[in-house]
Structure formats: C-alpha cells, structure tokens
Amino acid sequence: MIKLEPDMLNKEVPLGEFAVTADDIREFAEAVGDLNPLYLDMEAARQEGYPTVIAPPTFCMHIRGQRLLPEVIVEPGFTTLHAGQEFEYYDEIYAGQTYSAFGKLVEVYEKTGRSGPLGVIVREMSVKDATGKTVVVLRERQMVRSPEKKI
Amino acid sequence: MSKIIPKSFDDIDIGDEIGPVTKVPTSEVVIRYAKAARITDQRFIDPERARQTGFSQPIVPGPLNATFLAQIVIDHFPGWRLKNFQVSFRTPVKHGDTLNLWGNVTEKSGDETDGSATIHCDVVVENQHGDRAIVGTVILGPRRRAL
C-alpha cells in the first residue's frame, strides 16, 4: 500500500524560504473569517507589544501548501485522508519576516482497521525564523485507505 | 482603537465553557481557504475528483475546521496564545454543513506573574447530525510581548 525508501525516515528535507507579508496574513485571516485586529491592524498589534501584525495560529498551512514532503509513494487504488494535526508554537509568525521550512517523515506503518487495511503516514514541518529559531512545528497524520468505501 | 483586555488567569476556572459557536463552511468559504492555504487538491472543490477519492461530494479541508476551533479559543481568551493544539479528524465535513464548536477548560497550572501559567482545554466540532467531526486539545499560555 505504501512504498518507502528506508533511509527516508527522520531525514530532514529543506522545503524553501517563505517571505510572509501583511497581505498574506490578511488574505488568510479574511478567508477563514478571523478578523482579530492583531492579524489585520498594525496599530492594534503595536498596542499589544508586537512590532507588526502577527499571523493566525494555523497560518503555517499557507506555508505548507501542498508540500507534502518528503514524498511517499502510495500504490494505485489507494487514497489519502487527513487523520489529524498537531501544532507546537514557540513564537508568532510576523509580517515582513522570512521563514524557512523543513519537512521530515516521522513514521510510516500499515495496519488492519475495522474497514480493512489502512496505512498511516506521519510528517512534520518545522518553520524557523531568520536566526534559525523554531517558530512552529506542524505534525500531520495521514491515513491511506481504499477509495471503495464511500464516505 | 480599544486596547485588548487580557483575560485574567484568576478569572479562568476548570469547567469554564468556550462557545458554542456556529460555523457554516460553504463552498465559497472552502474556495477562499484553498486559495489562501495554497491547496491544489481538487477533491475539496470538484465533485468528480471527490468521488474518485472515495467521497460522495467535496469535503471541507480538516485544517479549515481546525482553524475555526483555534479562532474560538483565541477569541475566548484575549491576552493568551496557543502553545500546543492537537486535533483528530473523525468525520468528514461536507460543504454547507452546520458546525457547532465548543470546548471547556480541563486544567490550569503555573503562575501568571512569572509567565508559567497554562490553560488546558478540550475542544470539539460537531455537525448538524450530532457527529463529532473533530476532537482536540489546546494548551494556552500568556502572550509573550515582543517589546
């Protein structure tokens, strides 16, 4: 069901650098209907002691995009589904800063569930600021299953 | 502009309720989110692609529903920030589902004066049929001011 090169586990892969602008943050906040002034209003952010607007907690999804890396080959006839996510926050993401992202495959396994065989893929993305300090870690759990079982 | 008044640690008790808040992720909301989150997977938008991947119709990306949860928690605790946020996606959410989001405080520890205060919460997203779409936990700490 899942094909994996054995040396891929826990190998950190650079995903690139990402400049975050106030417009990126505004686009994300407005798309999800979160009009917290800390995300939209420079003056409100400054009043709270921040140098500029900060990003909503799940903004790192904008950085992640479709970078489901490192890639794992799923055999034809199977499909993937988000099973869960974990976010660990160490600092805010600020407008005007450039961040680096790194991906890692943490765990891959197969098991038999109630509805038949399924696979689990756990990936991690770390977002670091320009000094190399980790700002947020996103851990995602994906389930691999047959698409025959309609949901 | 009115200054944000932080919620005092002393005013937060175990058992305090967050929400409920209702959200309806329509197709328009999903399309806007997919653009903002740079999602290209068409199963969230295209009915045919959704069927090919095992869904009877396009579904709402789980991270969008998680985003709604993070939002209601942040709104409920002004002056606090997320330290850890975990969710499990239990039931796919379809476009236009009516979601009820809520949570409650399960634990508090530490001290507000030295910045060690933490608040633990359980959070839930339930659809209009009473199915739990997401269950999760949140840990909050006081906002660290970047002065």
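This is a short walk through a predicted two-chain model, from the fold of chain B to its contact with chain A and then the salt bridges.

Okay, housekeeping. Residues are numbered from 1 along each chain as its sequence is written, and chains are lettered from A and ligands numbered from 1 in the order in which they are written. Since the model is predicted, local features need pLDDT of at least 70, side-chain atom pairs count only at pLDDT 80 or more, and totals for chains, interfaces and linings use all residues, while side-chain values use heavy atoms, with hydrogens and water left out.

Let's start with chain B. Its secondary structure comes to three helices and five strands; those are DSSP runs numbered from the N terminus, helices being H or I with at least four residues and strands E with at least two. Reading from the N terminus, the order is β-α-α-α-β-β-β-β. The C-alpha trace spans about 55 × 35 × 25 Å along its principal axes. Of the 147 residues in chain B, 48% are buried, where buried means under 20% relative accessible area, exposed means over 50%, and partly exposed is in between, with a 1.4 Å probe and protein chains only. And if you take contacts in chain B between residues at least 6 apart in sequence, 69% join residues at least 24 apart; contact here means heavy atoms within 4.5 Å.

For a single residue, look at B:Ile134, in strand 5, residues 132-142. B:Ile134 counts as buried because its relative accessibility is 1%. What does B:Ile134 touch, once residues up to four places away in sequence are set aside? The list includes B:Gly62, B:Asn65, B:Ala66 and B:Leu69, and also B:Val87, B:Phe89 and B:Val124. Take B:Gly62: B:Ile134 is 72 residues from it in sequence, but 8.3 Å away in space, C-alpha to C-alpha.

Now one I'd like you to click on: B:Asp97. You'll find it in the loop between strand 2 (80-89) and strand 3 (99-109) of chain B. B:Asp97 is buried yet has no salt bridge, and the nearest side chain of opposite charge, B:Lys94, is 6.7 Å away. For the record, Lys and Arg count as positive and Asp and Glu as negative, with His and the chain ends not counted, and a salt bridge is a side-chain nitrogen of Lys or Arg within 4 Å of a carboxyl oxygen of Asp or Glu. So which side chain does B:Asp97 join in a polar contact? That's B:Gln128, at 3.2 Å. A polar contact is a pair of N or O atoms within 3.5 Å; within protein, one must be able to donate a hydrogen and the other to accept it, and residues adjacent in sequence count only if both atoms are side-chain atoms. Leaving aside neighbours within four places in sequence, B:Asp97 is also in contact with B:Lys23, B:Val24, B:Pro25 and B:Asn127.

On to the interface. Each chain brings 47 residues to the contact. Chains A and B bury about 3,900 Å² between them, 50% of it on carbon and sulfur atoms; that's the accessible area (1.4 Å probe) that two parts lose on being put together, summed over both. There are 17 residue pairs in polar contact, both at pLDDT 80 or more, and four salt bridges. In one salt bridge, the side chains of A:Glu92 and B:Arg143 meet at 3.1 Å, N to O.

Last bit: salt bridges over all chains, 14 in total. A:Glu140 and A:Arg64 pair at 2.7 Å, N to O. That pair links distant parts of the chain, with A:Glu140 in strand 7 (134-145) and A:Arg64 in helix 4 (60-64), 76 residues apart. Both partners are buried.

Then there's A:Arg139. Its closest N and O atoms are 2.9 Å apart with A:Glu86, and 2.9 Å apart with A:Glu124. A:Glu124 lies in strand 6 (116-128) and A:Arg139 in strand 7, so this pair ties together parts that are 15 residues apart in sequence. A:Arg139 counts as partly exposed, at 21% relative accessibility, while A:Glu86, at 16%, counts as buried, and so does A:Glu124, at 13%. Put together with A:Glu88 and A:Lys104, those three residues, A:Glu86, A:Glu124 and A:Arg139, are linked in a network of salt bridges.
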